Amino acid sequence: MTGWSIRLAKPEDAEHLPAIERAAGRLFLEVEGLSRIASMDPIPADAQHAMIRKGHCLVAESDGRIVGFLSTQPHRRELHIRELSVHPDMQGQGIGAVLLRAIGVDALNSGFAALTLTTFTDVAWNAPFYARLGFETVEDVDAHPRLKADIEQEVALGLPRERRCAMIRFLS
């Protein structure tokens with residue numbers, strides 16, 4: 001028994017997600033050059049609510065408490081992972097990997113061709129983690145204008161361009 005389970009997110013879950021993202025973000029205090037991430041604002045509850053209404057967001061629960069989540073935004077035939085966060089107290093139990101596998105099944109069953117995301121290239125729980133779960137780095141981001149625009153927006157918010165990448169996992 002894992003002590004936790006996952007399910008589709010419900011609208012009332014949205015208010016709990018920013019605190020989890022903020023707590024998980026504190027892990028960046030230990031990453032050289034990225035400690036500023038820990039003080040960045042999480043995705044607001046109203047934006048989480050809007051994503052949840054689209055039907056492809058998941059939460060992990062333990063003892064009735066939300067301990068992790070995966071938020072997505074559909075873009076044509078791709079489902080973009082906007083945020084994956086697991087509360088630090090619950091990390092290391094496979095919750096993030098299960099959320100990613102489950103959203104892959106949901107996306108495939110819903111007719112999406114791929115999952116996409118943007119992330120840090122050199123943070124262990126970012127690109128290396130996603131690569132272990134079948135994501136590939138988009139080598140020519142110019143050929144993928146939406147992902148390029150996402151990275152440009154992140155850079156405008158202060159994230160270092162040289163440490164960001166886009167990744168994709170084809171579902172078929």
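## Nonpolar cores

In this predicted model, the largest nonpolar core holds 27 residues, and Ile95, Leu100, Tyr130 and Phe135 touch the most other members. At least two residues of this core come from each of strand E2 (58-62), E3, E4, H3, E5, H4 and strand E7 (164-170). H3 provides the largest share, 6 residues. Apart from this core lies another one of 11 residues, including Ala14, Leu17, Met51 and Phe69.

Leaving aside residues up to four places away in sequence, Tyr130 is in contact with Leu84, Leu100, Leu117, Thr119, Trp125, Phe135 and Met167. Two of these partners, Leu100 and Phe135, are also named with Tyr130 among the core residues that touch the most other members.

## The sheet

Seven strands form an open sheet with mixed pairing, in the order E1-E2-E3-E4-E5-E7-E6. The edges are strand E1 (5-8) and strand E6 (136-137); each has a single partner strand, so one side of each has no neighbour in the sheet. In general, the strands of a sheet pair through backbone hydrogen bonds, in either a parallel or an antiparallel sense.

## Strand E4 and its partners

Both senses of pairing occur at E4. With E3, the pairing is antiparallel and runs over 8 bridges; with E5, it is parallel and runs over 3 bridges. On the E3 side, Gln73 has His80 of E4 as its bridge partner, and Thr72 stands opposite Ile81 of E4. On the E5 side, Leu79 stands opposite Leu115.

The hairpin of E3 and E4 has 2 residues between the strands, and Arg76 in this hairpin takes a positive phi near 50 degrees. Of the 9 residues of E4, 8 are buried, so the strand is largely enclosed by the rest of the structure.

## The largest pocket

The largest pocket has a volume of about 1300 Å³. Its lining consists of 42 residues, and Glu21, Arg82, Glu83, Leu84 and Ser85 lie nearest the centre. By residue class, the lining divides into 20 nonpolar, 14 polar and 8 charged residues.

Helices and strands both contribute to the lining. Helix H1 (17-25), helix H3 (95-109), helix H4 (127-132) and helix H5 (145-156) each supply at least two residues, as do strand E3 (65-75), strand E4 (78-86) and strand E5 (114-120). E4 gives the most, with 7 residues. Leu84 is among the residues nearest the pocket centre and is also one of the contacts of Tyr130.

Notes:
Residues are numbered from 1 along each chain as its sequence is written. This is a predicted model: local features need pLDDT of at least 70, side-chain atom pairs count only at pLDDT 80 or more; totals for chains, interfaces and linings use all residues. Side-chain values use heavy atoms; hydrogens and water are left out. On a 1 Å grid over the protein atoms alone, a cavity is a set of points where a 1.4 Å probe fits but cannot get out, and a pocket is an open set with protein on both sides within 12 Å along at least five of seven lines; lining residues have an atom within 4 Å of a point. Grid points are joined across faces, edges and corners, and a volume is the space filled by probe spheres set on the points. Helices (H or I, at least four residues) and strands (E, at least two) are DSSP runs, numbered from the N terminus. Ala, Val, Leu, Ile, Met, Phe, Trp, Tyr, Cys and Pro count as nonpolar, Asp, Glu, Lys and Arg as charged, and the others, Gly among them, as polar. A nonpolar core is a set of buried Ala, Val, Leu, Ile, Met, Phe, Trp, Tyr and Cys residues joined through side-chain atoms within 4.5 Å. Buried means under 20% relative accessible area, exposed over 50%, partly exposed in between (1.4 Å probe, protein chains only). Contact means heavy atoms within 4.5 Å. Two strands pair if DSSP finds at least two bridges between them.
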